[in-house]
Amino acid sequence: MTTSSQHPPALGTENPKPPTPTPAEVEDMTLDQRARLAGDLDDVDVVHNQRKWPIPGTRAEKRAERAVAMWFAISALSGLAFLVAFVAWPFEYVAPGEPGYLTYTLYTPVVGGTFGLSVLAIGIGVISYIKKFFPDEVSVQQRHDGASDDVARLTVTAQLVKAGKDTDIARRKLIVRAAGGAAGVLGLGLGVAAVAPLVRDPWKGGDNAALWVTPWKPVNGETVYLRRDTGDPHEISLVRPEDQAPGSMETVFPFRESDRDNEEALIRSLRASDAPVMLIRLRPDERVVHRNGQENFNYGDYYAFSKICSHLGCPTSLYESQTNRILCPCHQSQFLATEYARPVFGPATRPLAQLPITVNDEGYLVAASDFAEPVGPAFWERRYNP
Ligand code: FES
């Protein structure tokens with residue numbers, strides 16, 4: 001007679017692990033066997049498992065199905081609305097007071113709102129499906145260290161498939177169709193957003209497309225003056241060569257006489273992202289290197305460079321007069337003002353665009369023409385016409 005069976009098992013050996021089957025044996029198992037094995041291998045002990053809807057087809061179950069499907073349907077509809085708004089809603093700038101201003105201002109809220117609602121509704125649909133159809137289960141799992149072995153990886157798939165099967169997803173056609181529609185429309189919307197530049201034509205307007213011209217472009221031969229921003233768009237402070245001390249810089253914007261009483265036009269030329277220009281007066285006797293084709297872009301010691309960094313478009317507002325370097329604070333690119341603002345440090349690879357300037361009969365600094373190249377970061381079709 002032995003007495004060992006009367007003693008409690010040693011701590012940690014209450015549920016000895018079953019022998020691990022080989023991958024070939026796992027291949028021959030049914031889905032349920034694999035799912036059970038996955039739990040055993042992971043030391044998962046299912047204490048309680050009860051189906052949510054043990055009697056299929058009750059009115060309460062149908063109601064729950066409709067509630068879940070409704071969220072997927074909302075997601076599909078808002079995804080569709082996002083798609084239509086993204087492609088068809090007028091997005092081009094309209095000034096306040098002009099026809100179409102309200103529609104233009106609603107572009108971002110409509111696109112963002114419909115996209116957000118679509119993602120939110122699909123998330124709520126998934127969560128409510130889990131809450132309403134996954135079995136109520138209480139499991140206890142022992143903690144393991146290290147990675148899972150091959151058999152564990154093979155069986156975990158079965159566990160996931162079985163979890164789906166336990167919710168009777170196969171016979172819940174309404175939910176499957178609604179979820180498929182929502183995911184499809186949302187995926188389509190994201191696809192369209194990714195290829196949107198191919199759907200919209202950035203070159204509408206030909207040579208006057210927004211990427212080619214800036215507010216410095218003279219229209220009908222009208223003079224474009226250099227002005228300061230004093231904080232009041234109606235206070236026109238024009239710039240004369242004698243205003244600035246050698247070795248200094250100030251920011252200037254375009255001004256046309258025809259805009260003098262037009263508040264909207266005045267504000268627009270002060271706020272346009274491609275308008276700000278650094279007017280730099282070099283110290284006398286600086287050794288200057290001109291860019292080919294731009295030998296007459298300066299006026300005496302005055303040089304005008306776009307403030308928009310050629311790297312990623314930040315304002316390059318810092319001018320260090322001792323070294324003649326212009327610094328962009330975003331990623332520390334440096335440009336040499338005495339050498340056509342070519343980059344000498346940092347990630348920028350192209351010079352800042354130089355504005356050709358001169359002085360008119362009244363003694364004011366004016367733009368001789370628009371920039372010879374697009375200001376700011378590069379883009380695929382960029383060209384240079386000195
Ligand atoms: S934007 Fe100027 S350095 Fe990056």
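Two strands are counted as a pair if DSSP finds at least two bridges between them. In this predicted model, strand β3 (residues 225–228) and strand β4 (residues 237–238) satisfy that condition, since two bridges join them and the two strands run antiparallel. Within this pairing, Arg228 of the chain stands opposite Ser237 in β4. Strand β3 also pairs with strand β5 (residues 248–255), again in the antiparallel sense, over three bridges, and here the bridge partner of Arg227 is Phe253 in β5. Strand β5 in turn pairs with strand β6 (residues 277–281) in the antiparallel sense, over five bridges, and Thr251 has Met278 in β6 as its bridge partner. Read in sequence, these pairings lead from β4 to β3, from β3 to β5 and from β5 to β6.

A further group of strands forms an open sheet of four, which has the order β8-β9-β10-β11 and antiparallel pairing. Strands β8 (318–320) and β11 (342–345) stand at the edges of this sheet, where each has a single partner strand, so one side of each is left without a neighbour in the sheet. From one strand to the next, the twist of the sheet averages 35°. Within the sheet, strand β9 (residues 325–327) pairs with strand β10 (residues 334–336) over three bridges in the antiparallel sense, and Arg325 is found opposite Leu336 in β10. As a general point for reading such sheets, the side chains of a regular strand alternate between the two faces of the sheet.

The wider setting of these strands can be described through the division of the chain and through the database record. The chain is divided into domain 1, which covers residues 59–199, and domain 2, which covers residues 207–367. The centres of domain 1 and domain 2, taken over C-alpha atoms, are separated by 49 Å. For residues 274–366, an unreviewed UniProt entry lists the feature "domain: Rieske". This span, residues 274–366, is 0% helix and 32% strand in the model, and its end C-alpha atoms lie 17 Å apart.

The same kind of record can be set beside the helices. The annotation "transmembrane region", from an unreviewed UniProt entry, covers residues 68–89, 109–130 and 174–199. In the model, residues 68–89 are 95% helix and 0% strand, with the end C-alpha atoms of the span 31 Å apart. Over residues 109–130 the chain is 100% helix and 0% strand, and the end C-alpha atoms of that span are 31 Å apart.

The packing of helices is considered next. Two packed helices are described by the angle between their axes and the distance between the axes. Helix α3 (residues 59–88) packs with helix α7 (residues 173–194) at an angle of about 20°, and the axes of the two helices are 8 Å apart. Angles under 35 degrees count as roughly parallel, and α3 is therefore roughly parallel to α7. The crossing in which α3 passes α7 is left-handed. Sorted by class, the residues in the contact of α3 with α7 are 20 nonpolar, four polar and two charged.

Helix α3 also meets helix α5 (residues 107–133), and the axes of these two helices come within 8 Å and cross at roughly 160°. Angles over 145 degrees count as roughly antiparallel, and α3 and α5 are therefore roughly antiparallel to each other. The crossing of α3 and α5 is left-handed. In the contact of α3 with α5, the residues divide into 18 nonpolar, seven polar and one charged.

Another helix pair is formed by helix α2 (residues 31–41) and helix α6 (residues 150–166), which pack at an angle of about 120° with their axes 7 Å apart. This angle makes α2 oblique to α6. The crossing of α2 and α6 is left-handed.

How values were computed:
Residues are numbered from 1 along each chain as its sequence is written. This is a predicted model: local features need pLDDT of at least 70, side-chain atom pairs count only at pLDDT 80 or more; totals for chains, interfaces and linings use all residues. Axes are lines fitted to C-alpha atoms, for helices over the stretch in contact, and angles run from 0 to 180 degrees between N-to-C directions. Angles under 35 degrees count as roughly parallel, over 145 as roughly antiparallel, 65 to 115 as roughly perpendicular and the rest as oblique. A crossing is left-handed if the near helix is turned anticlockwise from the far one by less than a right angle, and right-handed if clockwise. Ala, Val, Leu, Ile, Met, Phe, Trp, Tyr, Cys and Pro count as nonpolar, Asp, Glu, Lys and Arg as charged, and the others, Gly among them, as polar. UniProt positions are given in the numbering used here, feature names are shortened, and annotations may be inferred rather than shown by experiment. Domain bounds come from an automatic or database domain assignment.
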